[in-house]
Structure formats: C-alpha cells, structure tokens
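Open the model in your viewer and keep the selection tool at hand. This tour goes stop by stop, telling you what to pick and what is there.

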Amino acid sequence: MLAVRDLSLRFGAICAFEDVSFDLAKGELLAVIGPNGAGKSSLFNVLSRVYRPQTGTVTLDGEDLLARRPRDLAACGVARSFQNLGVVGELTALENVLVGRDHLMRAGALRSGLGLARAEERAQRDAARLALRIVGIEDLAGHVVATLPYGDRKRVELARCVAMEPKLMLLDEPVAGMSAAERAAMTTLLARLHRDEGITMLLVEHDMGVVMQIADRVLVLDFGRPIAEGPPAEIQRDDRVIRAYLGEGLAVSA
Amino acid sequence: MTLPLLVVVAVVLPFALSAAQLTTATFVVIAAIGATGLNILTGYAGQISLGHAAFLGVGAYTGAVLGGDHGVSAFVWIPAAGVAAALLGAVVGPIALRLRGLYLAIVTLGLVFIAQHVFFNAGSLTGGPQGRAFPAVQLGSFDFSPGQVLDLGGVTIDSSGLYYFLGLVLLAAATAYAWNLRRTRPGRAMIALREREAAAAVMGIDVGRVKMTAFVVSSAMAGVSGALYASYLSFAQPGQWSLLMSIQFIAAVIVGGLGTTAGPLLGCIVVFALPSLLKQLPFLPAEGSGGLSAGDLTSITYGLLIVAFLSFEPRGIVGIANRLRRTGNGSDVGSRASKLTVTTPEEAHP
Amino acid sequence: MSEFLQLLFQGVALGSTYALIALGFVVVYRASGVINFAQGAMLLAGAYTISWLATDLGVAFLPAVLIAVVLLAAAGAAFQAVVLRRVSGEQPFVLVMMTIGAGIAVTALIEALFGADPRLLGDPWGASSFHVGAVTISWVKLWSIVVTVAALGAYFAFDRYTRWGVAVQATAEDEEATLSLGVPVRRVHLITWAMAGALATLGGLFLAGFPASPEPGLGDAALRAFPAIVLGGLRSPGGAVVGGLLIGLTEVMTSGYAPSSLGDNFYAVAPYIAMILILLVRPYGLFGRAPAERL
C-alpha cells in the first residue's frame, strides 16, 4: 500500500537520512526504530509532508504523496499523531474527535449557524462516538480535554486518528512520556486497533518493548541509514542493530 | 433555565430605566452585536484584529448611502450594511491566510488607518471631516426617528426604546448564530485553528476557509452593528471609526470572556456603560477645565481593565462567574458548565 | 532636484527615528515573542519626561535626556517584572493585549497629567538650521541621524560583543535551553524591556522635535513604525533599521509628491499600504523567515 523508494533528506550539509526504501502492506504495522539522531523523526516528518525530501518517492496506493500538500493528507487517507499532542484542550473529547471528521463534513458556516445542518451533525457525532468506543474512552466524550490526564489525551488523539477512517496511520512516538501503566494500556490498545480494526500503521518509536510486542516488521535506522529490516525477533538478534544501540565492542552473537 | 429569565429582564428593562440610562443600554445592546462578531473572530478563531472599527464604519456608511441618500428601506439597508462589511472582510481574509498572528494584527491596524483615511476623504459619501447625518430606521409603519413614539395598548415606547428592541432582536439572532457555530463544524474548526494552527491543516481542516469564514462572519456582524449605531446617533464623523473604537471592542470581548456566549454582552455592558458611570464620579473636575477628564479616566480604566483581566482571569467575567459557581457547588472542573459559558455539546444534545 | 534632496534628507532623518523605534520593538519581540503595543506610549512618556525635566524643572538638556532614558528604561523593566512576568506562560496574544491595555492607560495618564496642548520640548536646537547648497539641514533632524547611528552602533556592539548580548540572542533562539544553561533569563527579559524603554525615549525625543512638539498625538505617529518592523521582519534588528529608513522615506516622499487625488494626509497611510503590498508578496517581511514550527 505504501511504497517508499530511495528517500533522502538533507538540511544543508547535514544528512538527516538517506537511501531509505521500504514497503508497507495493507494491514501491516511497521515500526521505525533507531538510536537518537538516527533520522526517525525526520523520516516521519517527510512522510507526513512537513519536510520535502531531496530524492526519492513515496506512493500510497499508487498516488504520489510527495506531490500533495500537508492539508491534503487527510483526504488522501493519512492520519498522523503529534508528539506535542495534537488535541485541542478547550474542546471536549467528542469535539476533538469530530475535528478529525471535519474533512468528511460539508456543512458551512451559513447552514451551521442557522441550525440547518443538524442531520449531518448527528450522524458525525455517532461516528465520533464510535471512534471513542473503539479506543475505549466513550465515557470521556463530554470531558474537556484540558482536564484529562496525559494518557487519556493521547487516547483522544488516537480516537481522532481512527475517526478519520484513514488508510494509513502515522504514529509519532505514541508512548512517549507515559508511565509504565499508561504504556501497557496504550500498547494493548494499539495492538487491538491493528489486529481487530485492521488499521495499517507506521510507528516511530523508542520503546523496544512496545515495538517487539506489536510490530509486524521493524525498520532500523542508524546515522540516517537503514541498517536492518525484518520481523521483530530477527531484528532483536541482529548484530548490526545491537552494535548500533550499544556501540562497538559490545555486540553479542545470537 | 436562566434564559427565559434573561429574556423577561431584557424586555422589561427599558421601562425601568431613565431616559439617559436607556440610551446607554441601547448603545450597549447595539455594540454587543459587533462584539459578538469579534468574539467569533478572536475568541473562537484566535485571529487578532485591530481593524474592527473599519467594518463598523463601512456598515454605517453603507446604511447612510442606501437609506439616507437613496431612501431605501431599513429592511434592505441594515442587511446591506452587513453584506458590505462582509465583502471587506472577505478581502482581508486572504491576507490573513498568508500572515500569522502578529503580522496580521499589524495589518489590521493598517486597515483601520486606511479605512479612516478613505472615510475622511470620500466627502460625498461620508461628509468628510465634518461628518454626516444618518437615517433613522423605518420598519414599515414604525418610525424610529427621535421624537416619534409608539403606542402599544397602554404601553408607550419612544425612539430609544425602539432602537433598544431592534438591537435586542438582532443581538439575540447574532448570539444564537454564534452559539450554533460553536456547537458545530465551523466552531470546532476555528477553535482547533486557534489552539493548534500548525497541526490543524494536517488534521484535515481547511485553514484558509476557516479564517475566511471567521473574517466574513465577524465583519458582517460589525457592519450591522455600525449601521444601527450610526443610525441611533443620527450623526457621526469619520474620526469615530478609530483605533480606539477597535480597542473598545477588544476590551469588551476580553473583559466579558473570550470565546464565551455571554461574554460579548457582559463586556459591552462594562466597556460602553463605563463612560456614563465615570462621569458621575464626584471627584472629577468640570469638563474642559483641564486635569483629569472623564475621557482620560475612561481610557485609563479600559487599559487597566484589559491588563487586570488578562493577568488574573483571562476568561473574563464569565470565567469569574464560573469559578464562583464551581467553588459553590464543588462540582467537576469543566465538564459541567452552565449555558452561560462554553456549552458542552452533551448538554445541548442530551 | 534640490527638492528631492531636501525630501531625501528629511526622509532619512525621519527614517532613522523610525529605525530607533522599530529596533525597540524588535529587541522585545526577539526575546519574548511579544509585540510591544505600548511602545507608542513609552515614546510619549519619554518625550514628555524630557520636556518636563527640561522646561518645568529647568534641568539642562543633555542630563534631562539621560535621566529620561534611565527612567524609561527602569519603567520598561518594571512593567516586564510586575505585569508581564505574571502571564509569561500565556500565548503571545494575551501578552500583546496586555501591552495594548497598558499603552492605552499610560497614554491617557500622560494626557491627564499634562493636558492635551502641545508643550515645549526644551531642546537647544529649536528651529535652527544651516544650508548645504539648496538643502536646508535642520539641526534637530541632523542630530536625530547622528544619535540613531550612535545608538544602533551601541546596540549592535552590545549584541555581538558582550555576554548580555549573547544571552539575549540565546534567549531569543530558545528560552528553555538557555535557561537550562544557567543563563538568568529573567534578567535578560528585564534588559530587553529596559532597552526598549531607552530606545523609545530617544525615538520620542526626535519625533517630538521641530516642527512637531510633545503632544498626545505622537503616540499615533509611533504606530507608523509598525510597518517598519513588519517590513524588516519581526526578528531582525538589521531589518528594523532598513524598514525604518524605508518607511521614513516613503512617508516623506509621499507627502512631497503624492497627488491630491489620493486624499489629504495620504502620507500617513502610505507606510501601511506599502507594508500590505509587500507582505502580500513576502509574508514574513523583506528580511523575515518563516519561523520553524515544532509539530
């Protein structure tokens, strides 16, 4: 579904990453990992159209993603989460999820203000509630997000992504900043979304535990270059990967 | 619950006030229409605009030219004032699109000056620096001109009262519209834009369209407000559509509570009733004798109010009311707001 | 031709005053993301303080200027410490509104204290001038250029060569990181606002010079410096200088050459029109860059 070929990004003389190529099949969960500075976040930002790469192509179901602007991503079926929390504090959880449905709605200010768009609004609220239910936080629907704890806010954001009915979900360090309990809950949730809802996901993540548990395949970057790709179990034993994380001289053979 | 009570109070009020107080109340209600628009632009969509006075002015002169010079009915010139101002808003919209935050604020500052410049120089439309007369509202057989009196059964309503009720009706319509916006797609999009502009586009929000909508809607309301205001005053000069007027509106929406439903009216009560209240302070020297004038004191107070509210209660009077209510009930923060504040959709659609 | 040269001189003089004012904005904005809408009021306060010291209290002019600069610098720092720091975590919008509020209050206070009539500035130059060819060089305007150059020189030297200058730059780049390095960021903010006060005073001094005089309308004149900072790019001190000169020249040239069909006093809005036109092409000013967004 997602095909990435020969992608590279440079900032002036500094190379963020280069020669990255991989495929992501429908329904797969690919995790991109690597030590700090490996280029994971930059790769993520290229895929979510924040940066423009110097070389390479990214196609989603045959469509050239690099030719589209960030605002077209939703329409292309791509949903992404934000490290700085992409939730709107002043809105309730339900309203936040409805923001994710915005690109699927048609009511303008004229009809909405005059109260003429009730049918669409009701239908969308039902869809939003469904997304909240899938993520398991339907009871938080009426809560103003600013009053929710961090873990719940992350789940609201996830619900928003789910509500966008995306082909592809890009998740930016989904368990960053979480306590052990929150992490476990989030991991279970992501696994469930992947397995039961069949959502195709690409994760950038630091936390090995999460990655090993839920990823179908793992792509490892080090100093901006891909050094390994494969199922989690293989990656765990891969010499190059171990060396990258632990440094030379500490590589242990499988 | 509280809404019917408010309606009753609002309707009965003119009969309980003195003539001077009614005049103030009428100005407050008319201004609140414009403030509701600014609340949508700044409170919902987070766009700083110092140019609100320009839209009021455009609305006023549209009303004057159509109603006064061409004898068109008020049923036409009042909406036309809104449309004309909205058109100007639509021009500013694309500029707002390209500019972020503070650049936009300064451009709107330029808008106020440029508009005033045009008003001062377009003598045939605006009367130039001397100003011009504005037409009184005439709705069918109801004549709002000063001195006219309406007899309804035993109840007499004078010109002020008529303007008051017309303003009230339009304010109710504007408030209902704003409330609907807030609970539906455009309102959510605006708030998302305000809080997370960088991320909003990726979330699927059409940022350009949202900003444009916010400008058009708020200018339309400003236009209607300006037309009514000038009509009630019956005479105005270009100098009135000034930066100070824009700032008065900004002060009103801040003091009332940015983004709240009751904020615009509450803020206007404070800001526009202030001068008449201050005039009655005993220690002020007589007008024109130098020293602290009521005008200066008013400005000082606006300034201090803005600073004070932003320091202590950015949610304005509504915020203060909420806090009092919460400490009184000991109820949950946020999830049980009353209809006077940011309504949660769960209450609107139980 | 001589008229052109005359206007050129006056444009440069006005432009250098705008450059001073613009620099005061940029200094604050870079460090804190706040556009100080109270700059006009500070400018007014500066001019009135000089006037009060020099004419009411009979203080000699140069000391009066120095005292005023110090007083306004202290006032700027005090405003930051007492008012702005309370809301330092809020969005820039809130901070901007606070400066607007403070500006209104201060302007009205000045008018209340001193009345609305124009006063004597108390400067030694008055209307005196000399001639270079067919061009009349007024001493006030000449000094405005000299002082501006000196002030700018001092600022750039400070910025580049002193510890505090580097600290200001670092705070402007990334406040949290700078804080974690042990730099007293609070003091940096105080310094920035003190500089803004000082620059505003100097700006006020020359805006109030012949043929103008200290009067409440000066605050509005200061607003014309806004296009200068926008043109220059809100974060660029060099841009502020260029912007200031451009705006001063635009204003003077327009007043000299604008056809009457554009209306009386077109020169007062010409800077804004120029600003809007340029922004349409370059949304971040001539020298500004799109700010990096952290998603």
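**Stop 1: the second largest pocket**

Start with α1(B), which gives the second largest pocket the largest share of its lining, eight residues. This is a predicted model, in which local features need pLDDT of at least 70 and side-chain atom pairs count only at pLDDT 80 or more, while totals for chains, interfaces and linings use all residues. Residues are numbered from 1 along each chain as its sequence is written, chains are lettered from A and ligands numbered from 1 in the order in which they are written, and side-chain values use heavy atoms, with hydrogens and water left out.

A pocket is found on a 1 Å grid over the protein atoms alone: an open set of points with protein on both sides within 12 Å along at least five of seven lines. Lining residues have an atom within 4 Å of a point. Helices are DSSP runs of H or I, at least four residues long, and strands are runs of E, at least two, numbered from the N terminus.

Now select L6(B), A10(B), L168(B), L171(B) and L265(B). Of the 42 lining residues, these lie nearest the centre of the second largest pocket. The space inside comes to about 1400 Å³. That volume is the space filled by probe spheres set on the grid points, which are joined across faces, edges and corners.

Add the helices α1 (2-16), α2 (19-44), α7 (159-183), α12 and α14 (316-329) of chain B; each supplies at least two lining residues. Colour the lining by class: 30 residues are nonpolar, 10 polar and two charged. Here Ala, Val, Leu, Ile, Met, Phe, Trp, Tyr, Cys and Pro count as nonpolar, Asp, Glu, Lys and Arg as charged, and the others, Gly among them, as polar.

**Stop 2: two helices of chain B**

Stay with α12(B), residues 263-279. This helix has 17 residues and reaches 25 Å from its first C-alpha to its last, close to the expected 24 Å. The expected span is 1.5 Å times one less than the number of residues.

Where does α12(B) bend? Zoom in on A273(B): the bend there is about 45°, and the proline P275(B) follows within four residues. The angle is taken between axes fitted to the seven residues ending at a residue and the seven starting there.

Buried residues of α12(B) include G267(B), V271(B), F272(B) and L278(B). Buried means under 20% relative accessible area, exposed over 50%, and partly exposed in between, using a 1.4 Å probe and protein chains only.

Next, select α11(B), residues 243-256. Its end C-alpha atoms are 20 Å apart, in agreement with the 20 Å expected for its 14 residues. Of these residues, 13 are buried, so α11(B) is largely enclosed by the rest of the structure. Just after the helix, G257(B) has a positive phi, near 130°.

**Stop 3: salt bridges**

Over all chains there are 28 salt bridges. Each is a side-chain nitrogen of Lys or Arg within 4 Å of a carboxyl oxygen of Asp or Glu.

Pick E18(A) and R225(A), which pair at 3.3 Å, N to O. E18(A) sits in strand β2 and R225(A) in strand β10, 207 residues apart in the chain. Both are partly exposed, E18(A) at 25% and R225(A) at 36%. Add R10(A) and D19(A) to see the salt-bridge network that links them with E18(A) and R225(A).

Go to R119(C) and D56(C), whose closest N and O atoms are 3.2 Å apart. R119(C) lies in the loop between α4 and β1 and D56(C) in helix α2 of chain C, so the pair ties together parts 63 residues apart in sequence. R119(C) is buried at 17%, whereas D56(C) is partly exposed at 45%.

Back in chain A, R125(A) and E121(A) form a salt bridge at 3.0 Å, N to O. Both lie in helix α5, four residues apart, about one turn. R125(A) is buried at 4%, and E121(A) is buried at 5%.

**Stop 4: the cavities**

How many cavities of 30 Å³ or more does the structure hold? There are two. A cavity is a set of grid points where a 1.4 Å probe fits but cannot get out.

The largest holds about 80 Å³. Select G115(A), R118(A), E121(A), R183(B) and T184(B), the closest to its centre among 10 lining residues. α5 of chain A and α7 of chain B each give two or more residues to this lining.

Finish at the second largest cavity, about 50 Å³. Its lining is S81(A), K154(A), E157(A), L158(A), L171(A), P174(A) and M186(A). Helix α6 of chain A gives the largest share, three residues.
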